[in-house]
Amino acid sequence: MALIWKRDMIKAGIIGATGYAGGELVRLLLGHKEVEIRWFGSRSYIDKKYAEVYQNMFELVDATCMDDNIEELAKQVDVIFTATPQGYLASVLTEDILKQTKVIDLSADYRIKDVATYEEWYKIEHKSPQFIEEAVYGLCEINRDKVNADTRLIANPGCYTTCSILTAYPLVKEGLIDPSTLIIDAKSGTSGAGRGAKVNNLYCEVNENMKAYGVATHRHTPEIEEQLGYAAGKEITVTFTPHLAPMNRGILATEYASLVKKEDGSYPTEEEIRAVYKKYYDKEKFVRVLDAGVCPETKWVEGSNYVDVNFAVDKRNGRVIMMGALDNIVKGAAGQAVQNMNLMFGFKESEGLELVPMFP
C-alpha cells in the first residue's frame with residue numbers, strides 16, 4: 001500500500017487583525033486549505049474575543065485578540081502578515097525575526113527602494129533601511145518570478161498603486177505610450193482610509209459627496225512612478241490625483257497618456273493595443289481584459305481578487321484612455337497578500353482566492 005504524505009498546515013499570524021485589511025485576511029485565510037491562523041493581533045482589542053469585534057466571525061473564530069509582540073509571534077508561525085500603519089514594521093523588524101519566519105507587510109515600509117524618497121513622502125524616519133533591498137515588491141503579475149520559497153520579506157503593494165500600475169503596465173512596457181504624459185485620476189471607497197475614527201470619513205461627510213485629496217502630494221505617487229519606471233527602463237513622473245467616493249469598497253482608475261507614433265508616423269491601432277494587453281494578461285488568473293467598449297466598474301469586482309482593465313483610443317488627439325477597477329481590500333490588500341503567500345509556500349496561486357465577485 002502506498003503511503004500518503006500530507007503536508008502540515010502553514011501557521012499564520014496577523015498583526016492588525018482588527019483593521020479592514022486584517023479582517024479581510026482573516027476571512028480569506030479561513031477559506032484557505034493550507035493555512036491556520038494562530039495569532040489575531042490587535043492593539044485596540046487585546047483579550048477581547050475576535051468575534052465580538054467582527055460579528056460576522058461568530059462561531060467561525062473562537063480566538064481572543066492578542067498583542068503585537070512580533071518577536072514572540074515569529075517563534076510560533078511560518079508567516080506573519082502585518083496589516084499595520086506605516087512605520088510599524090520598520091521599527092520592529094530584525095534579522096532574527098526573518099530567520100524564523102516569513103513576513104508579508106501590507107504597509108508601505110519596504111515598497112520604495114530609495115530611503116530618502118520614502119522619508120520625504122511619508123514624513124517619518126525609516127528605522128530599518130537594511131531590509132529594503134531584500135524586500136520583494138509583491139505585485140505578482142509583474143514580479144512573480146521574484147516571489148519563491150527563498151523570499152523572506154514581501155512589500156505588499158497598495159490599492160491605488162496596484163490598480164494604477166496594472167492598468168498602464170503593458171503599454172508602458174511595450175513603449176506604446178509616453179509615460180511622461182501619464183495622468184492618473186483615481187477614486188477609492190472609504191474603507192481605503194482604514195477603520196480608525198476620522199471626521200473626514202464620517203457618514204455625513206462622505207455620503208452624497210465626492211472630493212479630491214492629497215492633490216499633487218499623495219504618498220502612493222512615488223510607488224507608482226518607481227514601478228512603472230522599471231517598466232519604462234527610465235525614471236518617470238506621473239500626475240496622480242485620488243478621490244474619495246461614497247462607497248465601501250473599490251478602486252477605479254482612469255488614466256490618460258499620449259500614444260507614441262510608429263515609424264510610419266501613425267499611431268498604434270486599437271487592435272495593436274488590445275494585442276499588447278492580451279500578451280501580458282491573457283494567462284493571468286486575476287486580471288481580466290474586458291471586451292471592446294466595456295468600461296470597468298467597481299461593482300463587478302467587489303469582494304474578489306480580480307482586476308478589470310480596458311482602454312479606449314482618442315483618435316482626435318493621439319491619446320489613449322486606460323481604465324482599471326479592483327476591490328481595494330482584496331486585490332488591493334489582503335487578497336494580494338494571500339496571493340504572495342501562496343507563491344512563497346508553493347501553493348496554487350489562486351488557493352483561497354477563488355472568489356466570485358459579489359452582486360448586488
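The expected span of a helix is 1.5 Å times one less than its number of residues. Helices (H or I, at least four residues) and strands (E, at least two) are DSSP runs, numbered from the N terminus. This is a predicted model, in which local features need pLDDT of at least 70 and side-chain atom pairs count only at pLDDT 80 or more, while totals for chains, interfaces and linings use all residues. Residues are numbered from 1 along each chain as its sequence is written, and side-chain values use heavy atoms, with hydrogens and water left out.

**Exercise 1. Check the span of helix 8 (residues 159-173) and describe its surroundings.**

Step 1: With 15 residues at 1.5 Å a residue, helix 8 should span 21 Å. Its end C-alpha atoms are 21 Å apart, which agrees.

Step 2: Look for a bend, the angle between axes fitted to the seven residues ending at a residue and the seven starting there. Helix 8 bends by about 35° at threonine 167, and proline 170 follows within four residues.

Step 3: Now consider burial (buried is under 20% relative accessible area, exposed over 50%, partly exposed in between; 1.4 Å probe, protein chains only). Of the 15 residues in helix 8, 14 are buried.

Step 4: After the helix comes glycine 175, with a positive phi near 70°.

**Exercise 2. Work out how tyrosine 277 and phenylalanine 311 are arranged.**

Step 1: Rings of Phe, Tyr and Trp (its six-membered ring) pair if their centres lie within 6.5 Å; planes under 30 degrees apart count as stacked, over 60 as edge-to-face and the rest as tilted. This rule gives ten aromatic pairs.

Step 2: In one of these, tyrosine 277 and phenylalanine 311 are 5.6 Å apart centre to centre, with 5° between the planes, so the pair is stacked.

Step 3: Tyrosine 277 belongs to helix 11 (residues 270-281) and phenylalanine 311 to strand 12 (residues 307-314), so the pair ties together parts 34 residues apart in sequence.

Step 4: Both partners can be checked for burial: tyrosine 277 is buried at 0% relative accessible area, and phenylalanine 311 is buried at 7%.

**Exercise 3. Trace the open sheet of six strands.**

Step 1: Two strands pair if DSSP finds at least two bridges between them. The order is 2-1-3-4-6-5, with parallel pairing.

Step 2: Strand 2 (35-41) and strand 5 (136-137) are the edges, each pairing on one side only.

Step 3: Inspect one pairing: four bridges join strand 3 (residues 79-82) to strand 4 (residues 102-105). Isoleucine 80 has valine 103 in strand 4 as its bridge partner.
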